[in-house]
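Open the structure in a viewer and keep the selection box at hand. The stops below say what to select next and what is there.

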Amino acid sequence: MENNYMLSVKNLKKYFNTPTGVLHAVDDVSFDIPEGTTLGVVGESGCGKSTLGRTVLHLHKKTSGQIFFNGKDISEINKHEFHELRKEMQIIFQDPFSSIDPRMSVRQLIAEPLKIFKLCKSKEEIEKKVKETMDTVGLASRLADSYAHELDGGRRQRIGIGRAIILDPKFIVCDEPVSALDVSIQAQILNLMQDLQAERNLTYIFITHNLSVVKHISNDIMVMYLGCAVEKASSTDLFKHQYHPYTKALISAIPRVNLDDKSVRIPIKGELVSPIDPKDQCRFAPRCEYACDKCFASAPTLEEVEPGHFVACHRVRELNNL
């Protein structure tokens, strides 16, 4: 693995046993994230993007594959190593209200990670660090003794961000951190996260289903469908030209504010295939108007069709004249 990659994931799989079979939540996904950049992961609900983020952080135990963090293989680590690793790798959850303890004040919530890792020698040092963190994430000091139910969604999410950054991590998984917020508050939180990234050289996985949001914050974007990565490219390239039929449909669904825009929305027809014991075929084939016999006979793998642009589609070169 190259040294400039903060995170490298190789052939990661996460399966869950269910009463009706094995659910393939994440199936053979690989990617690299350079230090100080953001990988946006997009796809509709149930595509496995949140499971991917949690498996990278060992919140779910992987089924197979390798995870490299800052040059070190962390695929198999013991309890002590995991505890130390948690200081370097954090997560911001989707729902700020359900991810924090309602019985704790803002001050207590933000201080909790410091106490768990015993990073401060005195109460005064803890108080100083908490105040600095509250200032950094835009929480007024007068709110220190408030409780989550007394705050709006934006302030709750700032608590979650404060808890994530107070340990000075290098890498953060952002699991749809703005999806539960009003649009005006979303912009504030996104700007805050970008400012923190610039100041601290943070590396993000940013998980969302909102393509407008992911375009705003990401350097690279990976599109997932039913546990598989179907397209990956830089944010600029992906919005300039999409090669996978699923990505084209997603991009076409973004609301347009220009009334003169004549873009045609591409509908996705048909039913989702079950992620439980899936067949060896393209997961998107039953809903794809371009599917051929080969699509139903074997699953495509990501191939580089242009420098830095990867697509998993048997017909990608034929359909796009590549």
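Start with Tyr225: this residue is buried, at 2% relative accessible area. The model is a predicted one, and the values given along the way are computed from it.

**The aromatic pair**

Add Phe284 to the selection. Tyr225 and Phe284 make an edge-to-face aromatic pair, with 5.1 Å from centre to centre and 85° between the planes. Phe284 is buried too, its relative accessible area being 4%. Colour by secondary structure: Tyr225 belongs to strand β9 (residues 220-225), while Phe284 sits in the loop between α9 (245-252) and α10 (293-297), so the pair ties together parts 59 residues apart in sequence.

Now select Tyr246 as well. Tyr225, Tyr246 and Phe284 form one aromatic cluster. Across the structure there are four aromatic pairs.

**Past the end of β9**

Move to Leu226, in the loop between β9 and β10. Its backbone is worth a check: phi of Leu226 is positive, about 45°, although the residue is not a glycine. Leu226 is buried, with 8% relative accessibility.

A second residue of this kind is Asp168, with phi near 55°, again a positive value in a residue other than glycine. Asp168 is in the loop between α5 and β7 (171-175). Is Asp168 buried or partly exposed? At 45% relative accessibility, Asp168 counts as partly exposed.

**The cavity and its cysteines**

Next, show internal space. Rolling a probe the size of a water molecule over the atoms shows where empty space is left. The structure has one cavity of 30 Å³ or more. About 90 Å³ of space lies in the largest cavity.

Select Cys282, Cys288, Cys295, Cys313 and His314: of the 14 residues that line the largest cavity, these lie nearest its centre. The lining is made up of eleven nonpolar, two polar and one charged residues.

With four cysteines in that selection, the sulfurs are the next thing to inspect. How many disulfides does a search of the whole structure find? It finds zero. Cys174 is in no disulfide, and the nearest cysteine sulfur, in Cys47, is 16 Å away. Cys174 is buried, at 0% relative accessibility.

Return to the cavity lining and pick Cys313. Why is its sulfur not bonded to that of Cys295? The closest cysteine sulfur to that of Cys313 is the one in Cys295, at 6.1 Å, which is too far for a bond; a disulfide needs the two sulfurs within 2.5 Å. Cys313 counts as buried, with 11% relative accessibility.

**The largest pocket**

Select Asp27, Asp28, Cys228, Pro300 and Thr301. These lie nearest the centre of the largest pocket, which is lined by 23 residues and has a volume of about 450 Å³.

Which elements line the largest pocket? At least two residues each come from β1 (5-18), β2 (21-34) and β10 (228-234). The largest share, four residues, is from β2. Sorted by class, the lining of the largest pocket has twelve nonpolar, five polar and six charged residues.

For a short detour, select Lys14 and Phe16. The charged end of Lys14 sits over the ring of Phe16, 4.8 Å from the ring centre.

**The second largest pocket**

Now select Arg86, Gln90, Ile91, Phe93 and Arg163. They lie nearest the centre of the second largest pocket, which has a lining of 21 residues. Its volume is about 390 Å³.

Show α2 (79-85), β6 (89-92), α3 (106-116) and α5 (153-165) as ribbons: each supplies at least two residues of the lining of the second largest pocket. By class, this lining divides into 13 nonpolar, five polar and three charged residues.

**Last stop**

Select Pro96, in the loop between β6 and α3. Pro96 is buried, at 4% relative accessible area. Then add Ser179: although Pro96 and Ser179 are 83 residues apart along the chain, their C-alpha atoms are separated by 10 Å.

How values were computed
Residues are numbered from 1 along each chain as its sequence is written. This is a predicted model: local features need pLDDT of at least 70, side-chain atom pairs count only at pLDDT 80 or more; totals for chains, interfaces and linings use all residues. Side-chain values use heavy atoms; hydrogens and water are left out. Buried means under 20% relative accessible area, exposed over 50%, partly exposed in between (1.4 Å probe, protein chains only). Rings of Phe, Tyr and Trp (its six-membered ring) pair if their centres lie within 6.5 Å; planes under 30 degrees apart count as stacked, over 60 as edge-to-face and the rest as tilted. A charge sits over a ring if NZ of Lys or CZ of Arg is within 6 Å of the ring centre and within 35 degrees of the ring normal. On a 1 Å grid over the protein atoms alone, a cavity is a set of points where a 1.4 Å probe fits but cannot get out, and a pocket is an open set with protein on both sides within 12 Å along at least five of seven lines; lining residues have an atom within 4 Å of a point. Grid points are joined across faces, edges and corners, and a volume is the space filled by probe spheres set on the points. Ala, Val, Leu, Ile, Met, Phe, Trp, Tyr, Cys and Pro count as nonpolar, Asp, Glu, Lys and Arg as charged, and the others, Gly among them, as polar.
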